[in-house]
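Reader: Hi! I'm in my first year and would like a close look at one part of this protein model. Could you walk me through it slowly?

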Amino acid sequence: MSTAILDRWYAAIRAGDASALAAVTTDDVTVRWNGPPGVVPWAGAWEGRTKVLTFFRRVAEHLDVLAIETVHRIEAEGSVAIVLKGHWRVKATGEELHVRAANIFRFESGLVAAYEVYPDSYAFAKALAKA
């Protein structure tokens, strides 16, 4: 079940499709992007579907998602941890980032209830500081 939901999740992120993203989340979904607040505009904790969709819109304002590739996946009852290689472009400068991140998901009733990102926050902060 989690594979199908995560395929839809990542497809919605690549497409920038907020309604498709909302369709795979619980109403009280939470997102935590670990990085320097004030430097990375979407860093911090976002709670509830409306705020989580704002989080993704904020990411989309600054970055193009060019590729997301799973490197490693660990699955347990109700949760998944993924190490990924990502390729992003900063819209303001055209600078491209090739970085790894760990994404941790928790599921409830077959939907994403929590999403936590442990990125190379230094690389994102450095690239965004040039914008």
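Which residues does F105 touch, not counting residues up to four places away in sequence?

Author: Happy to help! First, a word on the model: it is predicted, so local features need pLDDT of at least 70 and side-chain atom pairs count only at pLDDT 80 or more, while totals for chains, interfaces and linings use all residues. Residues are numbered from 1 along each chain as its sequence is written, and side-chain values use heavy atoms, with hydrogens and water left out.

Now to your residue. Leaving out residues up to four places away in sequence, F105 touches L6, W9, Y10, G78, S79, V80, I82, V112, A114 and Y115; contact here means heavy atoms within 4.5 Å.

F105 also belongs to the largest nonpolar core, which has 41 residues. Such a core is a set of buried Ala, Val, Leu, Ile, Met, Phe, Trp, Tyr and Cys residues joined through side-chain atoms within 4.5 Å, where buried means under 20% relative accessible area, exposed over 50%, and partly exposed in between (1.4 Å probe, protein chains only). Together with W9, W42, F56 and F124, F105 touches the most other members. In soluble globular proteins, nonpolar side chains tend to be buried together.

Next, the helix. Helix α1 covers residues 2-15 and gives the most to this core, with six residues. Helices (H or I, at least four residues) and strands (E, at least two) are DSSP runs, numbered from the N terminus. The buried residues of α1 are S2, I5, L6, W9, Y10, A12 and I13. Seen down the helix axis, they fall within an arc of 155°, so they line one face of α1; the arc is that of the directions from the helix axis to the C-beta atoms.

And the sheet? It is open, has six strands in the order β2-β1-β6-β5-β4-β3, and its pairing is mixed; two strands pair if DSSP finds at least two bridges between them. β2 (44-47) and β3 (63-76) stand at the edges with a single partner strand each, so one side of each has no neighbour in the sheet.

Helix α4 (residues 121-129) packs on this sheet, touching β1, β3, β4, β5 (96-108) and β6. The direction of α4 makes about 125° with that of β5, using lines fitted to C-alpha atoms, for helices over the stretch in contact, and angles from 0 to 180 degrees between N-to-C directions.

Finally, look at the loop between β5 and β6, where S109 sits. S109 has a positive phi of about 50° although it is not a glycine, and this residue is exposed, with a relative accessible area of 79%.

Technical notes:
The expected span of a helix is 1.5 Å times one less than its number of residues.
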